[in-house]
Amino acid sequence: MDTTLTVTAPAADVVIMSGGPRTPRRDGANRVWRARIPAARDVSVAVGPFHVSDTVVDGVALRVGSYTTASRNTLMPIFARAIRELSARFGRYPFASLSIARVPGSQGGGIEYPASIQMQSESVTDAVHETAHQWFYAMVGNSQALHPWLDEAFAEYAERLVDARPEAASWLSYRGDVDRSIESYGTDSYDYFNVTYAKGAAALEAARTAAGRSGWDRVMRCYVAANAWQIAVPADFARAITQFPAAIAILRRAGALR
Ligand SMILES: [Zn+2]
């Protein structure tokens with residue numbers, strides 16, 4: 001949806017949200033922040049005493065805010081690198097801006113929104129993973145309920161590709177089909193992470209090796225371009241890789257494709 005956000009916040013606070021507003025309008029004791037994002041599945045709005053830094057990475061306005069300057073300064077180059085590395089592999093970053101809100105808390109990880117990410121760590125791998133969701137989730141959409149592997153296995157795969165940190169191939173023999181609904185895991189969140197993320201990423205890596213890396217990487221970019229701004233299903237991915245029967249066989253054995 002073409003979305004315009006208007007947020008009124010106390011003047012001392014900073015708003016970090018999808019669409020990357022930079023210059024708020026003063027309104028009495030408040031400031032009014034306005035942003036537009038032309039294609040958004042959902043949005044993030046974070047408000048607080050953020051220390052903010054801005055830069056431009058390959059034409060993308062990158063804003064990083066954290067509740068400490070040290071954390072902000074750690075995260076800035078990490079996200080700049082993530083945009084560059086992922087663009088090189090999957091095609092242009094999908095939005096005009098990326099706004100990072102490092103929120104208090106130390107549980108780790110982060111959560112992705114179109115053109116915005118909320119982080120709970122300074123981890124390089126978490127940052128690459130969440131940035132990869134800008135391609136797999138925010139641009140190439142999917143049902144996170146029915147086919148969560150189409151965003152999570154792909155983000156995990158991208159994260160490991162960027163840092164040359166392959167998933168253990170032993171995940172391929174872990175029980176359970178990769179293409180399963182979230183509901184099917186019940187309360188077993190470990191199983192969800194093991195199958196949807198780890199086994200799914202291991203299957204994509206094995207498929208890449210079987211297909212030949214450079215051909216596979218080109219086809220992956222075609223899949224992204226062909227399914228941009230739509231909701232993809234596993235059959236769309238299968239259609240994109242028909243020229244790689246060995247890779248399809250691996251993904252079928254893993255239960256990712258039918
Ligand atoms: Zn994820």
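Reader: In which sense do strand β7 and strand β8 pair in this model?

Author: The model is a predicted one. Strand β7 covers residues 60-66 and strand β8 covers residues 97-102. Leu-62 stands opposite Leu-98 in β8, and Ser-66 stands opposite Arg-102 in β8. Six bridges join β7 and β8, and the sense of the pairing is parallel.

Reader: How many bridges join β6 to β7?

Author: β6 and β7 form a hairpin with two residues between them, and Asp-58 in the turn has a positive phi of about 50°. Within this pair, Ser-53 stands opposite Val-64 in β7. The two strands run antiparallel, and the number of bridges that join them is seven.

Reader: Which strands stand at the edges of the open sheet of five strands?

Author: The sheet has mixed pairing, in the order β6-β7-β8-β10-β9. Two strands have a single partner strand each, so one side of each is left without a neighbour in the sheet; these are β6 (51-57) and β9 (110-113).

Reader: By what angle are neighbouring strands of the open sheet of five strands turned against each other on average?

Author: The strands concerned follow the order β6-β7-β8-β10-β9 in an open sheet. With direction ignored, the average turn between neighbouring strands of this sheet is 15°.

Reader: Is β7 largely enclosed or left open by the rest of the structure, and how many of its residues are buried?

Author: β7 pairs with β6 in the antiparallel sense and with β8 in the parallel sense. Because six of its seven residues are buried, β7 is largely enclosed by the rest of the structure. The number of buried residues in β7 is therefore six.

Reader: Which residues of α2 are buried, and against which elements do they pack?

Author: The buried residues of α2 are Ala-127, Val-128, His-129, Glu-130, Thr-131 and Ala-132. They pack against the strands β8, β9 and β10 and against the helices α1 (69-90), α3 (149-162) and α4 (189-211).

Reader: Which residues of β5 point to one face and are buried?

Author: β5 (residues 45-48) runs antiparallel to strand β2 (residues 14-17), with four bridges between them. In β5, Val-47 is the bridge partner of Val-15. The side chains of β5 alternate: Val-45 and Val-47 point to the other face and are not buried, whereas the buried pair is Ala-46 and Gly-48.

Reader: Which residues have the most contacts inside the largest nonpolar core?

Author: The largest nonpolar core has 61 residues. This core draws at least three residues from each of domain 1 (3-132) and domain 2 (142-253). A second, separate core has 13 residues, including Val-7, Val-15, Ile-16 and Phe-50. In the largest core, the residues with the most contacts are Leu-62, Trp-149, Trp-216, Tyr-223, Phe-237 and Leu-251.

Reader: With which residues is Trp-216 in contact, leaving aside its neighbours within four places in sequence?

Author: Trp-216 is among the residues with the most contacts inside the largest nonpolar core. Leaving aside its neighbours within four places in sequence, Trp-216 is in contact with Tyr-157, Leu-204, Ala-207, Arg-208, Ala-211, Phe-237, Ile-241, Phe-244, Ala-247 and Leu-251.

Reader: Which three residues supply 43% of the area that domain 1 buries against domain 2?

Author: The centres of the two domains, taken over C-alpha atoms, are separated by 27 Å, and 17 residues of domain 1 are in contact with 20 residues of domain 2. Domain 1 and domain 2 bury about 1500 Å² between them, 60% of it on carbon and sulfur atoms. On the side of domain 1, the three residues that supply 43%, more than any other three residues, are Arg-89, Phe-90 and His-129.

Notes:
Residues numbered from 1 in each chain as written. Predicted model: local features only at pLDDT ≥ 70, side-chain atom pairs only at ≥ 80, totals over all residues. Heavy atoms only, no water. Pairing = 2+ DSSP bridges. Axes fitted to C-alpha atoms, helices over the stretch in contact; angles between N-to-C directions. Core = buried A, V, L, I, M, F, W, Y, C linked by side-chain atoms within 4.5 Å. Buried < 20%, exposed > 50% of the residue type's maximum accessible area, 1.4 Å probe, protein only. Domains from an automatic or database assignment. Contact = heavy atoms within 4.5 Å. Buried area = accessible area lost by both parts, 1.4 Å probe.
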